[in-house]
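Hi everyone, thanks for making time today. I'd like to walk you through one protein model, so please have the sequence and the structure open while I talk.

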Amino acid sequence: MENDQTAIDDLEKLILTSVGDKEKGGFHGRISDTGIQNPQELDSLLQIITPLLKDDATTTTPKASDDANTSTLSFVQEQNLVCKLIHVVNNKEDTDIMFSMLNSLCRVLLGGGSKRMKTTLPCLVNRILSSLLQPIYLLEFVGEKQKEESKVEEEKQEETTTKEEDNESDADATTSKPSSSSTPEDGETSANSDAETNVEGKTHSGEDQVGEEAQEDKFENVDSPEKDGDEKVEEAQSDEKVAKPAPSPTPIVFKKNINCRKVFLFLQKIISSLEQTEPELSFKLYLQVASVASSFAFNNYIRCNKSTTNDNNNIRSVEDMNTIAHEFFMQALSVYESDLVSQQNSSNNSSNDVQSLQYRSIVAIVGAISNSCIGLMNGIQNNNNSQKEYERLITKTTQFAAKLSKKQDQCKAIILCSRLFYLTGDKEKFPHSYQNPQRVLECLQRSLKIANACTNASITDIYLFVEILDNYLYHFAKDNPSITARYITSLIALIREHTSSSEESSIASSKRYFNNIIA
């Protein structure tokens, strides 16, 4: 206990210093306000706080496996401090060093036992996603540093162009001076005429006037070609600025050892260690990482569409991120099938809790797939692999939805799955979105059969018909060719028949829902 208290005190000092609370003192003066930035500092700290990370080998009763000990408030506070330590590890200069430190921390956390891992590993996953994976993605696919260099070059070019424009305006001001002196009131013509009279000795008023007009015309004829030439030069320069082609984008050079694929493999290793002890938590983490991978694929897809050149690297990056997203979604389904479904036969959990967990899991994965937009990014360079992967994923999800224990949950889950088979979006950006109208109709008809059986058993389940009607109208508005007005009118008539024959107050909310839809 004395070792534990010493480790807690040292760790609290470190965290207070790292977050910038300078009034509380530092961690032996070795850690700056920016946190732990190199592996040596991390290794030395992990040796000091070892009692918080794993059990002492000399103890007879492991604290990590004893439910009575691990549920105490002190143990929870200790693990919260370890989670704060994970967020103190920070190296923004080099992603390879950041990966090395998080990998070292992961090895220690994996040896702490299942009771500790369920608290610390999710925090580690979130830290990797935010502070490691995101910067590596920007370097590998966006080229963040090259963007900064290009911005500096653009600013320099803008400065040179402004200087050229200033010089051109000064030149225009200097060329405008002769024209202003060429007016007949300047006295220049009179000086020239006086000189002529002194040389020739013959002055006639008529001749002087003719000479002045001739000289006036002479100056005007001299000025006008200069003005025309300046205008032509300015027009030519403006044409050059307009016709100048945009500079070609600089190729992205990724020089780091750790890329996005290696980080995703690292995340898979961490989450898989939780499958046996915390299946629900691992299921959620798989969905979270899959959503991040699909967002990377979506960003690469948009960048690929904006590119004027047919770059195979951009196309390959979209396909790679799409494949990674599919793999994590399939891992989540595998955890659902092997662990979450098997809990139904466990005596530790009640039947209602397990059924609710299964339905929530199906809703979570359907929502994650819908938000991921992976079904919109199909058909890049006539490659149908992503489309086949997406179809396999949503088909398996629908099969699990149809196997739920409660009929009501089956009906609602299948209704949700129907939207995965007909995706709509901007046709210019997503010309190859996944659309299978017939499978949508099959899902809705299957849900109708289940709803009919439930309503015959209890009139309170009539809300299922109303939800199905709502989804029929949704697909009809999306121009699904398999959903016609005939299905909608017949379903409306069926609902009216059931509601008119029943006066129970339990279906009042279903009636209001129905009236709002058809209003």
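**A walk through the model**

Let's start with the overall picture: this protein has 20 helices and zero strands. Please keep in mind that we are looking at a predicted model. Of the 519 residues in the protein, 38% are buried. The exposed surface comes to about 28800 Å², and carbon and sulfur atoms supply 48% of that. As for contacts with a separation of 6 or more, 71% of them are between residues 24 or more positions apart.

Now to the aromatic rings. How many aromatic pairs are there by the count? The count comes to nine. Take Tyr390 and Tyr434, which form an edge-to-face pair, 5.2 Å centre to centre with 65° between the planes. This pair links distant parts of the chain, 44 residues apart: Tyr390 belongs to helix α15 (residues 385-401), while Tyr434 is in the loop between α16 (407-418) and α17 (437-457). Both Tyr390 and Tyr434 are buried.

Next, look at Tyr472 and Tyr487. Their ring centres are 6.2 Å apart and their planes are at 20°, so this pair is stacked. Because Tyr472 lies in helix α18 (residues 463-477) and Tyr487 in helix α19 (residues 485-500), the pair ties together parts that are 15 residues apart in sequence. Tyr472 is buried, and Tyr487 is buried too. Tyr487 also has a charge for company: the charged end of Arg486 sits over its ring, 4.6 Å from the centre. Another example is Arg419, whose charged end sits over the ring of Tyr474, 3.8 Å from the ring centre.

There is also a cluster to show you. Ring pairs link Tyr137, Phe141, Phe264, Tyr286, Phe296 and Phe328. Stay with Phe264 for a moment, and find Ile324 in helix α13 (residues 312-340). Is Ile324 buried or exposed? Ile324 is buried, with a relative accessible area of 8%. From C-alpha to C-alpha, Ile324 and Phe264 are 7.9 Å apart in space, though 60 residues apart in sequence. Leaving out residues up to four places away in sequence, Ile324 touches Arg261, Phe264 and Ala293.

On to two of the helices. Helix α5 (residues 73-88) has 16 residues, which should span 22 Å at 1.5 Å a residue, and the 23 Å between its end C-alpha atoms agrees. Among the buried residues of α5 are Phe75, Leu81, Cys83 and Ile86. Helix α16 has twelve residues and reaches 17 Å from its first C-alpha to its last, close to the 16 Å expected. Its buried residues include Asp409, Cys411, Ile414 and Cys417.

Those cysteines bring me to my last topic. How many disulfides does the count give? It comes to zero disulfides. As a reminder, a disulfide is a covalent bond between the sulfur atoms of two cysteines. So why is Cys83 not bonded to Cys123? The sulfur of Cys123 is the closest cysteine sulfur to that of Cys83, but at 4.3 Å it is too far for a bond; the cut-off used is within 2.5 Å. Looked at from the other side, Cys123 is in no disulfide, and its nearest cysteine sulfur is that of Cys83. Cys83 is buried, with a relative accessible area of 11%, and Cys123 is buried as well, at 12%.

That's my tour, and thanks for listening!

Methods. Residues are numbered from 1 along each chain as its sequence is written. This is a predicted model: local features need pLDDT of at least 70, side-chain atom pairs count only at pLDDT 80 or more; totals for chains, interfaces and linings use all residues. Side-chain values use heavy atoms; hydrogens and water are left out. Rings of Phe, Tyr and Trp (its six-membered ring) pair if their centres lie within 6.5 Å; planes under 30 degrees apart count as stacked, over 60 as edge-to-face and the rest as tilted. Helices (H or I, at least four residues) and strands (E, at least two) are DSSP runs, numbered from the N terminus. Buried means under 20% relative accessible area, exposed over 50%, partly exposed in between (1.4 Å probe, protein chains only). A charge sits over a ring if NZ of Lys or CZ of Arg is within 6 Å of the ring centre and within 35 degrees of the ring normal. Contact means heavy atoms within 4.5 Å. Accessible areas come from the Shrake-Rupley method with a 1.4 Å probe; for residues, only the protein chains shown count as cover. The expected span of a helix is 1.5 Å times one less than its number of residues.
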